[in-house]
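Colleague: I am new to this structure and would love a close look at one part of it. Could you take me through how its strands are arranged into sheets, slowly and with the partners named?

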Amino acid sequence: MGLARRVERPSKYGLAAFWPAGESSVKKLYIKTYGCQMNVYDSARMADVLAPAGYALAAEPEGADLVVLNTCHIREKAAEKVYSELGRLKAQKQAAAADGRTMLIAVGGCVAQAEGAEMRRRAPFVDVVFGPQNYHDLGDMVTRAERQGPVLETEFPAQVKFDHLPRPRARGESTAFVSVQEGCDKFCTFCVVPYTRGAEYSRPVADIVAEVEVLAGDGVKEVTLLGQNVNAYHGAAPRGKAGKADEWGLGRLIRALAEVAGLARIRYTTSHPIDMDDDLIAAHGEVEALMPYLHLPVQSGSDAVLAGMNRRYRVEEYLAVVDRLRAARPDIALSSDFIVGFPGETEDDFAATLDLVRDVGYAQAYSFKYSARPGTPAADRSDQVAEDVKAERLARLQAALANLARSFNEDCVGRVMEVLFDRPGRYRGQVAGRSPYLQAVHVTPDPGGIEALQGRILPVRITEGHANSLAGRLTGAAVREARP
Ligand code: 5AD
Ligand code: SF4
């Protein structure tokens, strides 16, 4: 399952905020991240890889010694947008040169992987082009580019990137992403991920546990386990703990992570419905730290469309998985991804999607117009759906999803929810956090109380439910507990 969200827009989890701009002696690094949480994670790791070479992250591209674009290719005119961004950077690079400074440009991520040598041809001023599986080498690539000129690395390497990355540290945040699985062998006919991220790979359990222990020791309370197909996880068991199985599935990994001291919440994304095995479903009922909220993309409510997509399940089977999850964890809420206007989709097919949306009652969802990705099987089909039909269906679907999301949020009013406070709110004096269902929750504590809340999980009585967020007030017990 792809992870991409808010494609071709810099991620809202902009990295620059995590690091102070460098001293004048250090080199200034600017990373612009597009797309999914996996890219956000990768960008953080790129900064870690470049730190020993003297690079410190800055919030703005101005004056940067190295600009990295970490790109996403999943939908829309991704490559064109990257080229137009590169046009702007070219001018900045020329201005730096006129000032006697060198500014290097590196392009990574899935567009770089897909374009490869073509990018070197169309944008020869780019110094480094590298794929998502190559960035452990970024320090070396940048040094080579400085000394010898442009570098291209988009081969899928034989070595495993994760074995060559420095161990991540939390930078004052209370939530963190942890990549546990990468790549995809599913080959949905609309999707570029199997081509840009490569074959499925799972990190060994011991590496992940060690990474999470370090993060929890640094104050992280919540981890989101990431993978394009995260529930296909099958990592090498820790030595001596293998028992009968020499590989662990995601359910068993989650049970092990729930034991890590200080860690209170676990999430994972993105899952494929056919990989929801019994142990993972049971974990939803048994592991308290596993949050009752699951992103389980269905893509379409029509069996004909699902078959054309090569999703490998029928609607009935998807609904059976949902039933089993709800039996294990009755308060679980679901989110999904939808594609409208997949080649051949009829009005009846689309109506079946609307029916499914109503039947499941999603708390949240992402929906997209089908976008033909060069090199994928569906792009070659002759029965493409007209753009205006796609747009009209998307509007209807989004209206239905927005209604559901709003009523889910409104139904929370009056409840007491545990909120992990992780950032200041939009307005002065406000502090914001996340509910177990990943809803943004705003509270306005007593003046001076804000610092005391950061990084804490406290009960909040919900007083308002909006389209995309909740508001509430700390319960009396929480106020007493939060008092510094
Ligand atoms: N067109 C539209 N949406 C797509 N997605 C993936 N590929 C495409 C495409 N070619 C969506 C799917 C996936 C999410 C990450 O992006 O819904 O689950
Ligand atoms: Fe997800 Fe299918 Fe793409 Fe794999 S091929 S990442 S399962 S959408």
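Modeller: Gladly; here is a walk through two sheets, ending at a pocket that one of their strands helps to line.

First, some ground rules: residues count from 1 along each chain as its sequence is written, while chains are lettered from A and ligands numbered from 1 in the order written. This is a predicted model, in which local features need pLDDT of at least 70, side-chain atom pairs need pLDDT 80 or more, and totals for chains, interfaces and linings use all residues; side-chain values use heavy atoms, without hydrogens or water.

Let's start with the barrel. Five strands (E runs of at least two residues in DSSP, numbered from the N terminus, as are helices, H or I runs of at least four) close into it, and their order is 17-18-19-21-20. Two strands count as paired if DSSP finds at least two bridges between them. The pairing in this barrel is mixed, and you can see both senses as you go round. On average, neighbouring strands of this sheet are turned by 55 degrees against each other, direction ignored (axes are lines fitted to C-alpha atoms, for helices over the stretch in contact, and angles run from 0 to 180 degrees between N-to-C directions).

A good place to put your finger is strand 17, residues 416-424. Strand 17 pairs with strand 20, residues 457-465, through five bridges in the antiparallel sense. Look for L420 here, whose bridge partner in strand 20 is I457.

From strand 20, carry on to strand 21: these two run antiparallel and are joined by five bridges. If you follow the chain, you will find a hairpin of three residues linking strand 20 to strand 21. On this pair, R461 has R473 in strand 21 as its bridge partner.

Strand 21, residues 469-474, also reaches strand 19, residues 440-443. Here the two strands run parallel, and four bridges hold the pairing. To find the spot, look for H442, which stands opposite A471 of strand 21.

Now turn to the other sheet. It is open, has three strands in the order 14-15-16, and its pairing is parallel. Strand 14 (293-295) and strand 16 are its edges, each pairing on one side only. From one strand to the next, the twist averages 10 degrees. Strand 15, residues 333-340, runs parallel to strand 16 and is joined to it by six bridges. Among the partners you can pick out, S336 is bridged to A365 in strand 16.

Strand 16 brings us to our last stop, the second largest pocket. (On a 1 Å grid over the protein atoms alone, a pocket is an open set of points with protein on both sides within 12 Å along at least five of seven lines, whereas a cavity is a set where a 1.4 Å probe fits but cannot get out; lining residues have an atom within 4 Å of a point.) Strand 16 (364-369) and helix 13 (387-411) each give at least two residues to the lining, and helix 13 supplies the largest share, four residues. In total, 15 residues line this pocket, and those nearest its centre are E76, K369, Y370, S371 and E387.
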